[in-house]
Structures are given as structure tokens and as C-alpha cells.
Amino acid sequence: MANLTFDYIARTIVVTGAARGVGRAVAERFREAGGEVFCVDADADAVTETAKEIGATGVAADISDTARVEELYERVVTETGRVDVVVNNAGILRDGMLWKLTDDEWEAVLAVHAGGTFRMTRAAVPHFRRQGGGRIVNVTSYSGLRGNLGQANYAAAKAGIIGFTKTAAKELARFGVTVNAISPNAETRMIDSIPPERRRDIEEAIPLRRFGAPSEMAAAVAFLASDEAAYITGVVLPVDGGIAI
């Protein structure tokens with residue numbers, strides 16, 4: 001049987017939203033596989049601590065800001081000479097029923113999720129073209145497929161990422177770049193905030209009867225970014241225990 005631990009030695013990986021949860025697990029997985037990892041997050045203290053713990057480089061940055069994104073890539077390429085994989089995982093929540101959502105709450109969520117994914121991808125393209133290839137892995141959500149009460153802004157952003165993933169896959173294939181996404185269902189701080197009775201209802205709706213570990217999401221990302229997945233692009237992979245079936 002083939003060894004599917006994947007090899008990222010001498011490759012540079014950028015992971016947004018990497019201070020905790022799925023993003024941290026993804027960054028840690030790439031470090032374990034030998035990659036030079038840049039952990040990016042708006043929470044400066046948390047991302048610095050995470051990077052120190054896993055042996056990566058921490059960068060505090062607002063990915064909804066074009067100038068900060070360009071500065072990030074300039075640093076990455078200056079320090080390592082390249083960028084091979086970008087994982088767009090960063091996100092925020094500003095929940096509320098749509099008639100209660102403010103303009104600021106709507107715009108903030110779209111700016112980080114959809115806008116950040118766009119800006120991080122756009123800025124990576126010149127480097128990918130120069131190198132002759134690269135990998136983008138985006139993080140979307142079940143909410144982007146089915147919607148969710150109190151999350152009109154979040155669902156719209158995640159649905160937008162699905163369309164963006166498929167379009168970018170078509171546009172960037174000519175440069176040897178694959179663009180894919182995962183739709184996770186992971187045990188994170190967001191899940192911890194769900195009341196116990198509601199959590200039981202959700203788990204009963206999952207065919208595998210549990211939430212996934214962040215490390216299971218990271219394994220899927222590592223696969224989509226690997227050489228073994230070179231012929232896969234434009235895919236939204238559910239890593240959700242079957243809840244989307």
C-alpha cells in the first residue's frame with residue numbers, strides 16, 4: 001500500500017485562521033510533513049503562541065486588507081523564495097437573524113471569508129505562475145450549501161467560496177494550479193458553544209454520529225494539496241461524517 005503521509009519538505013505553505021481549531025491542525029499537519037509553514041491570523045498573541053508551539057512562523061494580518069495580504073506574500077517569498085500551498089481557512093462570525101443584521105455585521109463576515117479568500121488567492125497567482133504550479137485549498141461550510149438560521153452573512157460567504165473555488169479552478173488550471181475546497185464538520189470552539197440537547201440532535205443527524213476532529217480535516221487538506229491529488233481540481237470535498245448526504 002502506498003505511503004500517504006505526504007511530503008512537503010522544501011515547500012512553503014501559508015495557512016490563514018491558523019491560531020486555533022481547524023487552521024492550527026492544518027498548519028501542524030504540514031509542519032509534521034516537513035513544510036515551511038506560515039501561520040496567519042488576526043489574533044497576534046494567539047498566532048504567535050501557536051506558531052511557537054508547532055515550529056512555524058506566525059504572522060498577524062488582516063486578510064480583508066489588500067495591502068496586508070501583499071505584505072504577507074512579500075515576506076513569505078523573501079524568507080523562503082517561494083509559496084507552494086495556500087489554505088484559506090480564516091473566518092469570523094457575526095450571527096443574527098437577517099432582519100437584525102447590521103450592514104457592518106454583513107460586510108465584516110463577507111470581507112474576511114469571501115474577500116480574504118479572493119485576496120489571498122489573487123496575490124498568490126504571480127508566484128504560482130513563476131514557479132509553474134501551486135495548490136489552493138479553501139474552507140467552506142455545510143451552511144453554504146444548505147443555509148443556517150441566524151447565519152445569512154456566513155452562509156452567503158461560504159456559498160460564495162464554493163463558486164469562487166470552481167471558477168478559480170477553471171481559470172488557474174492553465175498555470176498548473178489546482179483549486180479545491182473542503183466542507184468540514186469539526187469539533188471546534190463553535191461546537192462547544194452549542195447547548196447539550198441541540199448538540200445531541202445534530203450528532204444524531206450525522207451518519208457517523210460524531211463531529212470530526214480538527215486533525216481529520218487537516219488530513220483532507222494535506223491530501224488535496226499533495227502531488228497525489230494533482231489531477232483533482234474544482235472539487236468541494238465534504239469532510240463531515242456524511243451529514244451532507
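How many salt bridges does a search of the whole structure find? The search finds 7, and three of them are described below, after a walk through the strands and helices. The model is a predicted one.

A good place to start is the run from strand 1 to strand 3. Strand 1, residues 12-16, pairs with strand 2 in the parallel sense, over 5 bridges. Within this pairing, Val14 has Phe38 of strand 2 as its bridge partner. Together with helix 1, which spans residues 21-32, the two strands form a right-handed β-α-β unit. From strand 2 the chain then passes through helix 2, residues 44-54, to strand 3, and this crossover is right-handed too. Strand 2 and strand 3, the latter covering residues 57-60, are paired in the parallel sense over 4 bridges, with Asp41 standing opposite Ala60. Strand 2 itself, residues 36-41, is largely enclosed by the rest of the structure, because 5 of its 6 residues are buried.

Further along, helix 9 (residues 214-224) also has buried residues, namely Met217, Ala218, Ala220, Val221, Ala222 and Leu224. Their cover includes helix 1, introduced above, along with strand 4, strand 5, strand 6 and strand 7.

The salt bridges can now be placed on this framework. Asp227 and Arg11 meet through their side chains, at 2.7 Å from N to O. Asp227 sits in the loop between helix 9 and strand 7, and Arg11 in the segment before strand 1, so this pair ties together parts that are 216 residues apart in sequence. Both partners are partly exposed: Asp227 has a relative accessible area of 47%, and Arg11 one of 23%.

A second salt bridge joins Arg20 to Asp43, whose closest N and O atoms are 3.2 Å apart. Here the loop between strand 1 and helix 1, which holds Arg20, is linked to the loop between strand 2 and helix 2, which holds Asp43, across 23 residues. Arg20 is partly exposed at 31% relative accessibility, and Asp43 is partly exposed with a value of 31%. In a further pair, Arg82 and Asp84 form a salt bridge at 2.7 Å between the closest N and O atoms. Arg82 is partly exposed, at 30%, whereas Asp84 is buried, at 10%.

Lys158, in helix 6, offers a contrasting case. This residue is buried yet has no salt bridge, and the nearest side chain of opposite charge, that of Asp95, is 12 Å away. Beyond its neighbours within four places in sequence, Lys158 is in contact with His113, Val139, Thr140, Ser141 and Gly144.

Key
Residues are numbered from 1 along each chain as its sequence is written. This is a predicted model: local features need pLDDT of at least 70, side-chain atom pairs count only at pLDDT 80 or more; totals for chains, interfaces and linings use all residues. Side-chain values use heavy atoms; hydrogens and water are left out. Buried means under 20% relative accessible area, exposed over 50%, partly exposed in between (1.4 Å probe, protein chains only). Two strands pair if DSSP finds at least two bridges between them. A crossover is right-handed if, with the strands pointing away from the viewer, the path from the first strand over the helix to the second runs clockwise. Lys and Arg count as positive and Asp and Glu as negative; His and the chain ends are not counted. A salt bridge is a side-chain nitrogen of Lys or Arg within 4 Å of a carboxyl oxygen of Asp or Glu. Contact means heavy atoms within 4.5 Å.
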